[in-house]
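I opened the notebook to record, entry by entry, what I looked up in this model. The overall layout comes before the details.

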Amino acid sequence: MNITRQIETCLRDSGVQEGIVLVNAMHITASVFINDDESGLHQDYDRWLEALAPHEPVAQYLHNRTGEDNADAHLKRQVMGREVVVAITKGDWTSAPGSRFFLRGFDGRRKKRRW
């Protein structure tokens, strides 16, 4: 999910001109990251992450012996990171042109709040 507009609105409303912004997923199986908003790249992420930590078979993970079935989501989040910290200069966040903020949940079975 592209959350760039929400981040930019929060930043503008804050009035911060110089400093840093922390954007945190606030869920143990979700990630915030910055990258290009390009569908092929996001599909590549999906394929790559599923190859690194496939959901099935759920019995392959010790974590799932507790009654959970989301060990793969924890591992995917660990690879993608929990949060980003970005410099604010003249009231705007600084990054490569075209970069966007994304929120990605890896455990689709659980309800997550956005704000």
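I read the order of elements along the sequence as α-β-β-α-α-β-β-β, that is, three helices and five strands, and I note at the outset that the model is a predicted one.

For the overall dimensions I took the principal axes, along which the C-alpha atoms fill a box of roughly 50 × 30 × 20 Å. I then looked up burial and found that 33% of the 115 residues count as buried, while the accessible surface comes to about 7,400 Å², with 53% of it belonging to carbon and sulfur atoms.

I also checked the contacts with a separation of 6 or more, and 77% of them are accounted for by residues 24 or more positions apart.

On charge, I counted 16 positive and 16 negative side chains, the centres of the two sets lying 5 Å apart.

Next I turned to strand β3, residues 83–89, and asked which of its side chains are buried. Val84, Val86 and Ile88 point to one face and are buried, whereas Glu83, Val85, Ala87 and Thr89 point to the other face and are not. This is an alternation that I would expect, because side chains in a regular strand alternate between the two faces of the sheet.

I followed the partners of β3 as well: strand β1 (residues 18–24) pairs with β3 in the antiparallel sense over seven bridges, and Val23 stands opposite Val84. Strand β4 (residues 92–93) is also antiparallel to β3, over two bridges, with Thr89 opposite Asp92. Finally, I looked at the hairpin that β3 and β4 form with two residues between them, where Lys90 in the turn has a positive phi of about 55°.

Terms used: Residues are numbered from 1 along each chain as its sequence is written. This is a predicted model: local features need pLDDT of at least 70, side-chain atom pairs count only at pLDDT 80 or more; totals for chains, interfaces and linings use all residues. Side-chain values use heavy atoms; hydrogens and water are left out. Buried means under 20% relative accessible area, exposed over 50%, partly exposed in between (1.4 Å probe, protein chains only). Helices (H or I, at least four residues) and strands (E, at least two) are DSSP runs, numbered from the N terminus. Two strands pair if DSSP finds at least two bridges between them. Contact means heavy atoms within 4.5 Å. Accessible areas come from the Shrake-Rupley method with a 1.4 Å probe; for residues, only the protein chains shown count as cover. Lys and Arg count as positive and Asp and Glu as negative; His and the chain ends are not counted. The place of a charge is taken as NZ of Lys, CZ of Arg, CG of Asp or CD of Glu.
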